[in-house]
Amino acid sequence: MGEATPAAGRVHNKIVAAGDSQEESSAPDDLVSGGPGADRWQDYARAAGFVGAATVLSLLLRPHLAATNLAMVFLLAVVIVAARSGRAVAVVTSFLSVAAFDFFCVPPYYTFVVEEYEYIITFGVMLIVALVISSLTAQIRANSFRAAHGESRTKALYRLSSQLAPHTRAFDAAVAATEVAEEVFDAKVTIFLPDDGRISFRKRTAEMLMMATAEEPAAQWCFETARKAGFGTRHYAEAKAQYLPLKGVNGVVGVMAVFAACKRLPEAHLLGMFASQTAAAIERIQSQNAAESARLRAQTEEMRSSLLSAVSHDVRTPLATIQGAATTLRSQAAKLSPEVSAELLDSISDEAERLGRLVGNILDMTRLESGIQLRQDLYPIEEIVGAALQRLDVQLVQREVITRFPEDVPLVSVDDVLIGQVLANLIENAVKYTPAGSPIEISARAANHALEIEVCDRGPGFASGEEIRIFEKFYRVANGGRANGPSTGGRAIRGAGLGLPICKAIVEAHKGTITAADRAGGGAVFRIVLPVEGNS
């Protein structure tokens, strides 16, 4: 809340030390009537002292000033007392000042007898002015108290809301609310959260428990009935703490216990606002967690459906081809020509390789999502590109691959194996989605403390919005897009939709970005941006 001025601090202490049943009032009694007990008598004694000082000063000035001018000295005493004490003390000071003025300053001196009756008018006016001054001063003090009271309350609630906002766990929010409440109310506060529908003193925010476990039924009754219980109430009044329900929109989310030290409790209204705001924060967190759990369940179900779809099609198809070719070779081997046998063996090999890539992609995506440990070092990008091209030597037999690497291309700190897999996936993607014989271009350049790598082709490009969705797991491009565009001859491209998501996960693990876009003049371009700061 920040440091308060001394005056604000005094007012704040008055707020939190009020009785439990007290509602907010315009000003406390001690500001209006002088305060209870010994403090009030001290105010009266102080007022008498100011009147005595005004009398002494008037006696010193009496030979030099007229009696009516001496009345101003006593009015000054009234103003000073009214500014420091309550209304009752100021009124008493007004009467004492008029009496002292009459006794010491109006001839005949040292008697209340008045020879000149015009002084009676002076006494009356002086008394009225003194009473008006004391009343207005008391009203100003009351207004000042209300303003300080409201400011202190606003600061307390603002501090509570700011402490609750960052938390995403209900227990952490309850702990934060407890810490703020203890500082604001200067009292021991504990919040109990329910466990399986019941309040347990074991699930609390405070390490030390100020109240006996025998009071647990009071907390449970408070939780079940959504009503206050314990000290200062009619239910479980013998308890050492007062229990307040944390009532949210959908029910009670916990119980706040305030330890009644010295048989005094914080102001009920402010304490209730603390409880309401804490309950709202806990309920918000619970709703967010429930929504997040529902989202994760839906996402898991969607991924499960997509995975089953991929497995049912992309795994069964090569398995069926392998099984069919193997069955044919086993049953008809003697009748098949060498050319047909070789073709069946090639089909088994190709489908087994495709199945291996599919299983490898699924395993890679699982490993990336569970966390990846990078083995980074400085590498020249042309070396990583060369290794990727060598891996795809067979697929690139009839392709022209154009590479452009300026001399000023910096070394980049990466895991060369993983970045090589990214480039291999992008090059293989270009081979699948572009006409046979069309060129593939790979370039790199330094820009803004980063290394930009581009893999470009002359294929069909992307349908509207497709350049973003292709990085989603198990997403497959629609008809008319890269999969079945005119440049591919209408052939369907098989795949589980995991290659590009794997590229995205690897690049983001390197704190980089990968994007796709249509290429000017036709085709597609994949752009990878990797940071190079601190690599030199």
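Two strands count as paired if DSSP finds at least two bridges between them. In this predicted model, A516 has F526 in strand β12 as its bridge partner. The points below cover the sheet that contains β12, the helices that lie against that sheet, and a separate helix, α7.

**The sheet**
- The sheet is open and has five strands in the order β7-β9-β10-β12-β11, with mixed pairing.
- Its edge strands are β7 (401–404) and β11, and each of these pairs on one side only.
- On average, neighbouring strands of this sheet are turned by 15° against each other, direction ignored.
- Strands of a sheet pair through backbone hydrogen bonds, in either a parallel or an antiparallel way.

**Strand pairs within the sheet**
- Strand β9 (residues 440–446) runs antiparallel to β10, and seven bridges join the two.
- Within this pair, A446 stands opposite L451 in β10.
- Strand β10 (residues 450–457) is also joined by seven bridges to strand β12 (residues 524–531), and these two run antiparallel.
- Here A450 stands opposite P531 in β12.
- Strand β11 (residues 513–518) pairs with β12 over six bridges, again in the antiparallel sense.
- β11 and β12 form a hairpin, with five residues between them.
- In the turn of this hairpin, G521 has a positive phi of about 90°.

**Helices against the sheet**
- Helix α12 packs on the sheet and touches β9, β10, β11 and β12.
- The direction of α12 makes about 170° with that of β12.
- Helix α14 (residues 499–509) lies across β11 and β12, and runs at about 140° to β11.

**N425 in helix α12**
- N425 is located in helix α12 (residues 416–433).
- Is N425 buried or exposed? N425 counts as buried because its relative accessibility is 14%, and the cut-off for buried is under 20%.
- Leaving aside residues up to four places away in sequence, N425 touches G499, I502 and C503.

**Helix α7**
- Helix α7 (residues 170–185) has 16 residues.
- From its first C-alpha to its last, α7 reaches 22 Å, close to the 22 Å expected at 1.5 Å a residue.
- Which residues of α7 are buried? They are A170, A173, A174, A176, A177, T178, V180, A181, V184 and F185.
- D186 follows α7 and has a positive phi, near 55°.

Terms used. Residues are numbered from 1 along each chain as its sequence is written. This is a predicted model: local features need pLDDT of at least 70, side-chain atom pairs count only at pLDDT 80 or more; totals for chains, interfaces and linings use all residues. Side-chain values use heavy atoms; hydrogens and water are left out. Helices (H or I, at least four residues) and strands (E, at least two) are DSSP runs, numbered from the N terminus. The expected span of a helix is 1.5 Å times one less than its number of residues. Buried means under 20% relative accessible area, exposed over 50%, partly exposed in between (1.4 Å probe, protein chains only). Contact means heavy atoms within 4.5 Å. Axes are lines fitted to C-alpha atoms, for helices over the stretch in contact, and angles run from 0 to 180 degrees between N-to-C directions.
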